Amino acid sequence: MSASMPHMQDDQTAATVQPPRIRQERTTDQDEQSPLPYRHREREWLRTQKEAVQKLAGQWIVVEGEEIVSHGDDPLQVVSEAREKGIQIPYIIHLAVTRKDEVLIGL
Amino acid sequence: MATVQYAYEVAYTYDPLTGDPFPILPLQVANPHAPGQALDANAYLDSGAQRSLFDGWIATALGLDLLSGRELRYVSLAGIGLTARLHQVRLIHPNLGSVELEVGFSTTPISRNLLGRDFFNFFQIGFHERYLTFYLLRNS
């Protein structure tokens, strides 16, 4: 995890925030029958693919499972290409490039 | 003091490039009038936004005529605004259900979709930033 997130600092923060976050999404009364978290597989997989996605920085990607189905600069085209490949509801993500000296706010 | 028993826990999503975590809810955005016209997108939870805002190309991808919607200005904290067009969409999450919202779609490209207080009206949402987790409970 990047250390650039300006979390509150105190004695315990480093210990609780620094380790990679791998807790599973879940219903709070989860049992074995709980559904899988939505798009969890794709998000977790992308988290481990930094080198691969770096090559696509600035582009839009459609990811399904552990595969990038389509990518490009035009999101409509990327969605269309994914649909042509049989993905009925494409999960599209923008690999936005942010500078190291920037932080994000809402609008 | 109110006590909330949340129903669903969501880990922050990490930006694939920077590794930074964000309170993002992946959900399906669907055209309520055209079954099958839908896509999944990430949306940032933003309690500072009065109304949700999505990138305009999504409306087009759903088969909506972007510019036919009512115009609304979204103004940032710096006073700089952008124009959006309002369209009714269905936001679907398999664990949380679906809601219909009149969402703003930007007429210029934006870098993030925002879920604002109109979405928060449907859910009780709690943030636990230290644990990079947020919680949701559908309002009855």
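Helices (H or I, at least four residues) and strands (E, at least two) are DSSP runs, numbered from the N terminus. With that in hand, let us look at chain A, which has four helices and four strands. Followed along the sequence, these elements of chain A come in the pattern α-β-α-α-β-β-α-β.

Some ground rules help here. This is a predicted model, where local features need pLDDT of at least 70, side-chain atom pairs count only at pLDDT 80 or more, and totals for chains, interfaces and linings use all residues. Residues are numbered from 1 along each chain as its sequence is written, while side-chain values use heavy atoms and leave out hydrogens and water.

How confident is the predictor? Its confidence in each residue is the pLDDT, which runs from 0 to 100. Chain B averages a pLDDT of 95, and 100% of its residues score at least 70. Chain A averages 76, with 65% of its residues at 70 or above. Among the elements of chain A, helix H4 (residues 75-84) has the highest mean pLDDT, 98, and helix H1 (residues 13-17) the lowest, 36. Over residues 1-24 of chain A, pLDDT stays under 50, and the model gives this stretch 41 contacts (heavy atoms within 4.5 Å) beyond four places in sequence. Residues 29-34 of chain A also have a pLDDT below 50, with two contacts beyond near neighbours in sequence. For the model as a whole, the scores are ipTM 0.94 and pTM 0.85.

Finally, consider how chain A is packed. Of the contacts in chain A between residues at least 6 apart in sequence, 38% join residues at least 24 apart.

Definitions and conventions: Chains are lettered from A and ligands numbered from 1 in the order in which they are written. pLDDT is the predictor's confidence in each residue, from 0 to 100.
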